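Visitor: I should like to be introduced to this structure. Please proceed step by step.

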Amino acid sequence: MHHYSIIAEQFAPYTQVINVNEFGNGNINDTYLVTVDTALPAEKQFVLQRINTQVFKHPKLIMQNMRAFTEHMRRRAREEGHQWEMPRVIPALDGQDFFIDSDGCFWRAISYVHGARSFNTIKDIGLAREVGYALGTFQYLINDLPIHQLADTLEGFHIMPRYLQNFDNAFSKNGFKKNAEVSYCLNFVDRRREFAHILENARKQGKLQLRPVHGDPKVNNVMIEEATGRAISLVDLDTVKPGLIHYDIGDCMRSGCNTLGEETEQWEAVQFDPEIGAAILEGYLTQARNFLTAADYAYLFDSIRLLAFELGVRFFTDYLAGNVYFKVKHPDHNLQRALVQFKLTESIETYEPDIRHIIQGMVSPAV
Ligand code: GN1
Ligand code: MG
């Protein structure tokens, strides 16, 4: 505790640190909420994070990106009259955007979105619409930033054919106990090998273009203003980089439409909720209509199916590899998480006609 206060003080030179508490439930970085002694409500708290440099090999690039796109988006929101908050980078005592401690760990601080909270699952249609709206707004405000101005903070992120290769490597290298659940997962992946290439093929064929994307727009990264119930920010900005907008919409849908949440132990009961899906898409399209192309719409269903499958493969691969990427609470945690995503993928496949119908209705709304 004391150790963390000393680090927090690096980012709070003029005030006293009151406490440092673990915050959120990220799978990669370590996150703390720092409370300092100030009368200004907006500055009372800030977010302190230790970046996992096993995953993010070039953490300075993350900070460089963050400076560039938060400033861009803040300006754009002002010009467009959007009420939208972007977390601010808080410099360390020496003026740099990070602090390296005596163990060589990489720390950074960002402002906390004040007067807002997030949810791990979606319980009502109104929240679903706000979650979609948040993603649409984020993509809209960053859309005109040239992608060459964004560094690649995580090479291979969301490139599904690569995840399949990693899976094959982990499978051939590691011993594991083969039980009913593991066999189910192995078969599940094998039957969808071809499908895994769908987005990257469309990109190679020039049908889909790289754009700035968020990378991790899951439900609990959307900040909902407490006073109004409106989405006012989308946080967790380490993976903002060039990508396909489909990674974002797929990730947002796979997390929002699984009402049991991705950490549930009842994986057999996991389902995709089409009503919540329709509301997320509706909120998303209020903003995204401005920049989506016909080809973008054509791959929406596939992106929903693919991102659930992708995350399942990533969790399962990490289980096979001995839990080296995602933090786990027990040795079978990543297997459990993989089963949740595979069940969700199955449910998305079952609902395919309904989901396509919903999308179709939004592309060409009845007059
Ligand atoms: C990881 O650490 P967190 O929870 O923000 C992962 C995402 C996954 C998510 C699943 C860099 O994000 O891709 O969707 O877990 N981030 C990275 O909960 O791999
Ligand atoms: Mg994240």
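Visitor: How many helices and strands does the protein chain have?
Guide: Helices (H or I, at least four residues) and strands (E, at least two) are DSSP runs, numbered from the N terminus. By that assignment, the protein chain has twelve helices and eleven strands.

Visitor: Which radius of gyration does the protein chain have?
Guide: This is a predicted model, in which local features need pLDDT of at least 70 and side-chain atom pairs count only at pLDDT 80 or more, while totals for chains, interfaces and linings use all residues. Residues are numbered from 1 along each chain as its sequence is written, chains are lettered from A and ligands numbered from 1 in the order in which they are written, and side-chain values use heavy atoms, with hydrogens and water left out. The radius is taken over C-alpha atoms, and the globule rule is 2.2 Å times the number of residues to the power 0.38. For 367 residues the rule gives 21 Å, so the protein chain is as compact as a globular protein of that length, with a radius of gyration of 20 Å.

Visitor: What percentage of the residues in the protein chain is buried?
Guide: Buried means under 20% relative accessible area, exposed over 50%, and partly exposed in between (1.4 Å probe, protein chains only). Of the 367 residues in the protein chain, the buried share is 56%.

Visitor: Why is helix 7 largely enclosed by the rest of the structure?
Guide: Helix 7 covers residues 245-256. Its enclosure follows because the number of its twelve residues that are buried is twelve.

Visitor: Which residues does Asp-251 touch, not counting residues up to four places away in sequence?
Guide: Asp-251 lies in helix 7 and, at 5% relative accessibility, counts as buried. Contact means heavy atoms within 4.5 Å. With residues up to four places away in sequence left out, Asp-251 touches Asp-216, Pro-217, Lys-218 and Leu-307.

Visitor: Is Arg-192 buried or exposed?
Guide: Arg-192 is placed in the loop between helix 5 (180-190) and helix 6 (198-204). Beyond four places in sequence, Arg-192 touches Arg-305, Phe-309, Thr-345 and Glu-349. At 9% relative accessibility, Arg-192 counts as buried.

Visitor: Which residues lie nearest the centre of the largest pocket?
Guide: On a 1 Å grid over the protein atoms alone, a pocket is an open set of points where a 1.4 Å probe fits, with protein on both sides within 12 Å along at least five of seven lines; lining residues have an atom within 4 Å of a point. The largest pocket is lined by 45 residues, and those nearest its centre are Gly-26, Asp-216, Lys-218, Asn-221 and Asp-236.

Conventions. Expected span 1.5 Å × (residues − 1).
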